Amino acid sequence: MASVWHKLFAFFVWKNNPSTETPLGATLLQRINVGLDGVDSRVIELDTKKMDLADAMSMIADWQMDLSNGIITITRKDGTIQTYDTALEKVPVSGYIDTDKNKLIFTNTDGTETEVDISKLITQYEFVDSETVGFFIASDGKVSCKIKNGSITEDMLETNYLANIRIEVLKAEEYAQLSVDMYGAAAEQAALSKSYAVGGTKLKSRPEEDTDNAKYYKEQAGNSADNALAYKNAAKTSQDAAKLSEINAKTSEDNSKASENSAKTSEVEAKTVVAAIRQDIADGSFIGPPGPQGEIGGKGDKGDKGDKGDKGDKGERGDGGIVVPISGMFTLSGDADGNLYAYYADGSAPPTFETDASGNIYYITPEV
């Protein structure tokens, strides 16, 4: 940074004698010496730092630039003129690549063209399809690749990923076999369900399915209901017969009181039977799987008629009513020819009898 200079001497006016304001003495003379010494030092400093004239004359006094061609004209202090061509007219304003010549073509400001060889800047590549990857060049020159369908093999897969795929394949095979097994089991269960519902499936495990299914039992239950209604009507007839017995008992002179009591007992028993049958109908006791009915044996030969025995004493009058066999029970009656008949409910198994050499008849109780 240049130093700032200040005045070294303060001007004053000398006055002649007889004035004593400016005496010519050491004080004023010393002030003059100090001022002259400072000025002398500054002159020397200026001489040391001053610019050489030759250098000053070579400095630029003026310059101009022609914007049409970029030429700069410089005028120096000594009057010399120099020009500099910046080639501004050669500045590119546009350009394109000539792919046939492998050149970059620039259009300059003045309309001329400049060609730049770029063949050495571009490495030539040739894209060759493999069994796995195929290359495609679009109209804009962009290259893309695509993996061919079905070209990825196991040796190209990451080890863990391949192991996972194999595990999933095994799982899929197991699930497929399980689906087949479950389908077969479902088909068997469907056939078994149909067998229990309506029969007719010809399952080896259910040879009696046509008489052991819900449809069959429903039909049998309908028959049992019809039988129950018949039993109810029979009970009503028994009740009417009981009442008739009561009337006859009242009109009888012998054992009138006993007949009356017998009639009442018959009525109570008949009502009990009716109530029991109604309760059995309500409880569904008549609905159940009937057993298979055996074949009716042939009627045996009629034996010789025996001698008529003596007439026995008249027994006491029995209780009135009728006997109605229900499922699992039967009644016996004989006719004038000596035949013995067993009556049992429709749909139930007939009773089994055996005889011995003495003519005794034995009833064979069924196994429970």
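This report looks at a nonpolar surface patch and some aromatic pairs in a predicted model.

## Ground rules

Local features here need pLDDT of at least 70, side-chain atom pairs count only at pLDDT 80 or more, and totals for chains, interfaces and linings use all residues. Residues are numbered from 1 along each chain as its sequence is written, and side-chain values use heavy atoms, leaving out hydrogens and water.

## A nonpolar patch

Let's start on the surface. Ile60, Trp63, Met65, Leu67, Leu88 and Val91 make up a nonpolar patch there, with about 580 Å² of accessible area together (Shrake-Rupley method, 1.4 Å probe). To join such a patch, nonpolar side chains must lie within 5 Å, with over 30% relative accessible area and no salt bridge (a Lys or Arg side-chain nitrogen within 4 Å of a carboxyl oxygen of Asp or Glu).

Take Val91: you'll find it in the loop between β3 (81-85) and β4 (92-98) (strands are DSSP runs of E, at least two residues). Val91 counts as partly exposed because its relative accessibility is 37% (buried is under 20%, exposed over 50%, partly exposed in between).

## Rings that pair up

The structure has three aromatic pairs (ring centres within 6.5 Å; planes under 30 degrees apart are stacked, over 60 edge-to-face, the rest tilted). Phe12 and Trp14 are a tilted pair, 5.1 Å centre to centre with 55° between the planes. Phe12 is buried at 17% relative accessible area, while Trp14 is partly exposed at 38%. Ring pairs also tie Phe9, Phe12 and Trp14 into a cluster.

Phe353 and Tyr363 are tilted too, because their planes sit at 50°, with centres 5.6 Å apart. This pair links strand β11 (residues 352-355), home of Phe353, to strand β12 (residues 361-364), home of Tyr363.

Conventions:
Patches are made of residues with over 30% relative accessible area and no salt bridge: like charges are joined within 9 Å, nonpolar side chains (Val, Leu, Ile, Met, Phe, Trp, Tyr) within 5 Å. Helices (H or I, at least four residues) and strands (E, at least two) are DSSP runs, numbered from the N terminus. Buried means under 20% relative accessible area, exposed over 50%, partly exposed in between (1.4 Å probe, protein chains only). Rings of Phe, Tyr and Trp (its six-membered ring) pair if their centres lie within 6.5 Å; planes under 30 degrees apart count as stacked, over 60 as edge-to-face and the rest as tilted.
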